[in-house]
Amino acid sequence: MSPRDEFHVLLRRIGRWWAVDIPSLDLHTQCRTLEGAEDLARGMVAEALGVPAEVIATKMVVPELAPVLGPVAEARQRRAAAVAAEDEAIAAAVHELVGKLHVSQGDAARLLGLPTSEVAHFTPERGSALTDTRRDAGPRPSGPAPSPPRPAVAVPASGSRPGLPLRQRQTSSPARPAWATSDDGTARRG
């Protein structure tokens, strides 16, 4: 038996108990709660095969509840795929913005609507093959480097900051409220 072998454990309700069946080894038992079912199944397999329980992998399946649990598992798979796709898109955007267009991490974070720490997570370390696009371009010229091109960003007429998602745009400065008191003590709009 390989430590990577996985044993299917079939669970089904019998009154207030759970039947625990491992068909591949013809093992059967029961337990009161699901909390202990996996440890119980792993221990049974380990004893039957004479191996440590730590090397046993199990997959707990409740066939009678598949119509209820299946859609949840499918939704979780879709969510994981969407998160992976978003991470790939962010990594590509950060590579382009920071690595090629030389936009600062702070500005890239603002453009992408992310915290700077998250942009830093996607930014390749200095000197890596991803940031050094001129590695095979031959000798580098001496002297000051030309300033990097600035990305063109249109400023909307509404006064909101460009490039930010709507949920992060502000209509007034957080340091100054939308209204303030004038020198004579009367309230006025800012």
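Which residue in β3 is the bridge partner of alanine 19? Keep that question in mind while the whole chain is on screen, and remember throughout that this is a predicted model.

Begin with the protein coloured by secondary structure. Four helices and six strands should appear, and, followed along the sequence, they come in the pattern β-β-β-α-β-α-α-α-β-β. Of the 190 residues of the protein, 19% count as buried, and among contacts between residues at least 6 apart in sequence, 34% join residues at least 24 apart.

Next, select strand β2, residues 17-22, together with strand β3, residues 27-31, which pair in the antiparallel sense over five bridges. Here the opening question finds its answer, for alanine 19 has glutamine 30 as its bridge partner in β3. Moving along the pair, you will find isoleucine 22 standing opposite leucine 27 of β3. The hairpin that β2 and β3 form has four residues between the strands, and in this hairpin aspartate 26 takes a positive phi near 55 degrees.

Now widen the selection to the sheet to which these strands belong. It is an open sheet of four strands, with mixed pairing and the order β3-β2-β1-β4. The edges are taken by β3 and by β4, residues 57-61, each of which has a single partner strand, so one side of each is left without a neighbour in the sheet. If you look from one strand to the next, neighbouring strands of this sheet are turned by 25 degrees against each other on average, when direction is ignored.

Keep the sheet displayed and add helix α1, residues 37-49. This helix lies across β1 (residues 6-14), β2, β3 and β4, and runs at about 150 degrees to β3.

Finally, turn to helix α2, residues 66-100, and helix α3, residues 105-112, whose axes come within 10 Å and cross at roughly 140 degrees. Angles over 145 degrees would count as roughly antiparallel and those from 65 to 115 as roughly perpendicular, and therefore the crossing makes α2 oblique to α3. The crossing of α2 and α3 is right-handed. To display the contact itself, show the side chains of Ala93, Val94, Leu97 and Val98 on α2, and those of Gln105, Ala108, Leu111 and Leu112 on α3. Coloured by class, the contact of α2 with α3 shows seven nonpolar residues and one polar residue, with no charged residues.

Note on methods. Residues are numbered from 1 along each chain as its sequence is written. This is a predicted model: local features need pLDDT of at least 70, side-chain atom pairs count only at pLDDT 80 or more; totals for chains, interfaces and linings use all residues. Side-chain values use heavy atoms; hydrogens and water are left out. Two strands pair if DSSP finds at least two bridges between them. Helices (H or I, at least four residues) and strands (E, at least two) are DSSP runs, numbered from the N terminus. Axes are lines fitted to C-alpha atoms, for helices over the stretch in contact, and angles run from 0 to 180 degrees between N-to-C directions. Angles under 35 degrees count as roughly parallel, over 145 as roughly antiparallel, 65 to 115 as roughly perpendicular and the rest as oblique. A crossing is left-handed if the near helix is turned anticlockwise from the far one by less than a right angle, and right-handed if clockwise. Contact means heavy atoms within 4.5 Å. Ala, Val, Leu, Ile, Met, Phe, Trp, Tyr, Cys and Pro count as nonpolar, Asp, Glu, Lys and Arg as charged, and the others, Gly among them, as polar. Buried means under 20% relative accessible area, exposed over 50%, partly exposed in between (1.4 Å probe, protein chains only).
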